[in-house]
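These are my notebook entries on a structure that I am opening for the reader. Each entry records what I looked up and what I found.

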Amino acid sequence: MLKIALQNGEFVITCEFVPGRGKDGTSVDAALHFARDVAASGTRIHAVSLTDNPGGNPAISPDALAPEIQKYGLEALVHFSCRDLNRNAVESRVMALAREGINNLLVVTGDYPASGFEGHAAGVFDLDAVQTVKYLKAMNAGLEIPGAKKGTTIRLPQTNFFIGAAVSPFKFKEEELLPQFFKLEKKIAAGADFVITQLGYDMRKVLEVKRYMASRKLLVPLVGNVYVLSYGAAKTMHAGLVPGCVVSDELLSVIEAESKAPDKGKQQRLERAAKMVAMFKGMGFAGVHIGGFALKTDDFLFIINRAAALEAQWEAFIPEVAFGRKDEYYAFPPPQTYRPGAVDDDPVKPIGRGRRSFSYACSDIFHRLVFERQSLVCKLLTRYYRAVGDRSWLARLAHAVEAPVKALLYDCQDCGDCALPDMAYCCPQGQCAKQQRNGPCGGSTRGMCEVYPDEKPCVWTKAYQRLKSARKLEELRTQYVPPRKMELAHTSGWANYFLGRDHAAPPVKQAAPEGIH
Ligand code: SF4
Ligand code: SF4
């Protein structure tokens, strides 16, 4: 239903629920009662969206509730994060969902673990969202796995997932925003079927996702996020406690004033949500994803019905949802119109060299001299490693030098499958808390890392600045980086490269999905 509706150009509505901790309780009842009531009322809702341990806290799995919801005749849209799963558990979960008849997944990176039993849980992040989409697509096509006889393969039965991806446009700086768009492009190239925006309250910013997609001819449906913002949620987001969710000072003041009404501002926030639905429809979005804390069925139905009544006036509401932050970066000039149809130029222009980072320049020169396949040094070292193997004392000595030097220069964790050249010589293992290899997660705030907001900039802002100064931004938005090969942990990245064992070497290089170079 969701897939068919989006493919047919119908304006879709999905309603989000956040299952809480415990096998039952208010949050579980809310989702199930919603499905029951909506099915009975005949209102056209295309999917009930179920979050997956949001905020990095444990909660009942959406996989358990999704089949119960589908029994009422509604489809479920299950959020799918790799924060808590390695790639084998991903496949297990996906196959279990397929058996339950769950076909809609929204792939997200996932918030960093924030709690857990007797201490915080470990963040797994074995795959990033781009790699996960690619894996899901491979399962849809019938995954090829080694057969019983050496050299043979067998194909697993196909799955039928309709795969959504998320994008977070509410970023403050250029070096924070454009990598989000680049990663979106990689998700689409990997096979994402539709896209949902992060929640936010600046229609110009959300329109920029649409403008970016149009400028790059990314022809997948884009769904807008409508979050009913209570005063409590606004305060939490304003304080930066919900990764990637932005509430400006001005918006907080507005919500605070509204909260003084006898109904604590409920009517006004539902009205704002209805106007946002009307705006997204007017702006040519493919649908809306409606959510909010403790919303009841009647609240959702009010928003949907009120939006239909307000549809004709949608353009008049744009100034009411324009809570950008002072000095915030926009990728495009102010729009001439919010109506669909306009196509902008690519916002990434050939840019002057600017000031190049010394560390980047040195790393780049060293890489070109030693690791470029055509270089004499690379050819000699490849021959050497092939001749002596990596168990020789000389190779061991080289690793003993490599590990501390790279630790000193790059925060190397000795993963053995080196992605430094893929990330402008920034180490994903040592410098990104979620070990992302294809672009940033959505959790940064004003350029700072979600996990270390007072200490570390997001490593992808650094990679962006380095590649911008070297005029190599195309690398950042088109180059697919495969998952780390765990079997290489604590072995020499240099040896693995020369021996063709890591992800970058020609003999083992994986075929990039269509559209990725
Ligand atoms: S080998 Fe792995 S841990 Fe070390 S710098 Fe390269 S990517 Fe980082
Ligand atoms: S460094 Fe960036 S991508 Fe990595 S966890 Fe922090 S905010 Fe996310």
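**Entry 1: the surroundings of ligand 1**

I began with ligand 1 and listed the residues around it: K406, C412, Q413, D414, C415, G416, C418, A419, L420, C427, P428 and Q429. I note here that the model is a predicted one. I then asked which cavity holds ligand 1. Ligand 1 sits in the largest cavity. I also sorted the shell around ligand 1 by residue character, and found seven nonpolar, three polar and two charged residues.

**Entry 2: the surroundings of ligand 2**

I repeated the search for ligand 2. Its shell consists of Q431, C432, A433, K434, P440, C441, S444, C449, E450, C458, V459 and W460. The second largest cavity is the space that ligand 2 takes. The shell of ligand 2 divides into eight nonpolar, two polar and two charged residues.

**Entry 3: D411**

I turned next to D411, which has its place in the loop between α14 and α15. Among the residues around ligand 1 is K406, and I found K406 again among the contacts of D411. Leaving aside neighbours within four places in sequence, D411 is in contact with K406, C427, G430 and Q431. C427 also belongs to the surroundings of ligand 1, while Q431 belongs to those of ligand 2.

Is D411 buried, partly exposed or exposed? I recorded D411 as partly exposed, because its relative accessible area is 33%, a value that lies between the cut-offs of 20% and 50%. I also took one distance along the chain: D411 and A5 are 406 residues apart in sequence, and their C-alpha atoms are 48 Å apart in space.

**Entry 4: two positive phi angles**

I looked up backbone angles next. Most residues other than glycine have a negative phi. I therefore noted Y425, a residue other than glycine, when I read its positive phi near 60 degrees. Y425 is found in the loop between α14, residues 393-410, and α15, residues 428-431. Its relative accessibility is 7%, so I entered Y425 as buried.

D327 was the other entry of this kind. D327 is not a glycine, yet its phi is positive, at about 65 degrees. The loop that holds D327 runs between α11 (297-310) and α12 (358-370). Is D327 buried or exposed? D327 is exposed, because its relative accessible area is 64%.

**Entry 5: F317**

I stayed with the loop between α11 and α12, where F317 is also found. F317 counts as buried because its relative accessibility is 6%. Which residues does F317 touch, not counting those up to four places away in sequence? I found K275, M279 and L310. For K275 I looked up the separation as well: F317 and K275 are 42 residues apart along the chain, and 6.6 Å separates their C-alpha atoms.

**Entry 6: R93 and V94 in helix α4**

I then moved to helix α4, which spans residues 87-99 and contains R93. V94 lies in helix α4 as well. I entered R93 as buried, because its relative accessibility is 12%, and V94 as buried, because its relative accessibility is 0%.

How far is the side chain of R93 from the backbone oxygen of H79? The side chain reaches that oxygen at 3.2 Å. Not counting residues up to four places away in sequence, R93 touches D52, P62, D63, V78, H79, F80, S81 and L85. F80 appears in my list for V94 too: beyond its neighbours within four places in sequence, V94 is in contact with F80, L136, M139 and F161. V94 and F161 are 67 residues apart in sequence, and I read 9.0 Å between their C-alpha atoms.

**Entry 7: D249**

My last search concerned D249, which lies in helix α9, residues 249-258. Because its relative accessible area is 55%, D249 counts as exposed. With which side chain does the side chain of D249 make a polar contact? I found the side chain of H238, at 2.7 Å. To place D249 against a residue elsewhere in the sequence, I chose G25: the two are 224 residues apart along the chain, and their C-alpha atoms are separated by 34 Å.

How values were computed. Residues are numbered from 1 along each chain as its sequence is written. Chains are lettered from A and ligands numbered from 1 in the order in which they are written. This is a predicted model: local features need pLDDT of at least 70, side-chain atom pairs count only at pLDDT 80 or more; totals for chains, interfaces and linings use all residues. Side-chain values use heavy atoms; hydrogens and water are left out. Helices (H or I, at least four residues) and strands (E, at least two) are DSSP runs, numbered from the N terminus. Buried means under 20% relative accessible area, exposed over 50%, partly exposed in between (1.4 Å probe, protein chains only). A polar contact is a pair of N or O atoms within 3.5 Å; within protein, one must be able to donate a hydrogen and the other to accept it, and residues adjacent in sequence count only if both atoms are side-chain atoms. Contact means heavy atoms within 4.5 Å. A residue is near a molecule or strand if one of its heavy atoms lies within 4 Å of it. On a 1 Å grid over the protein atoms alone, a cavity is a set of points where a 1.4 Å probe fits but cannot get out, and a pocket is an open set with protein on both sides within 12 Å along at least five of seven lines; lining residues have an atom within 4 Å of a point. A molecule sits in a cavity or pocket if more than half of its atoms lie within 2 Å of its grid points. Ala, Val, Leu, Ile, Met, Phe, Trp, Tyr, Cys and Pro count as nonpolar, Asp, Glu, Lys and Arg as charged, and the others, Gly among them, as polar.
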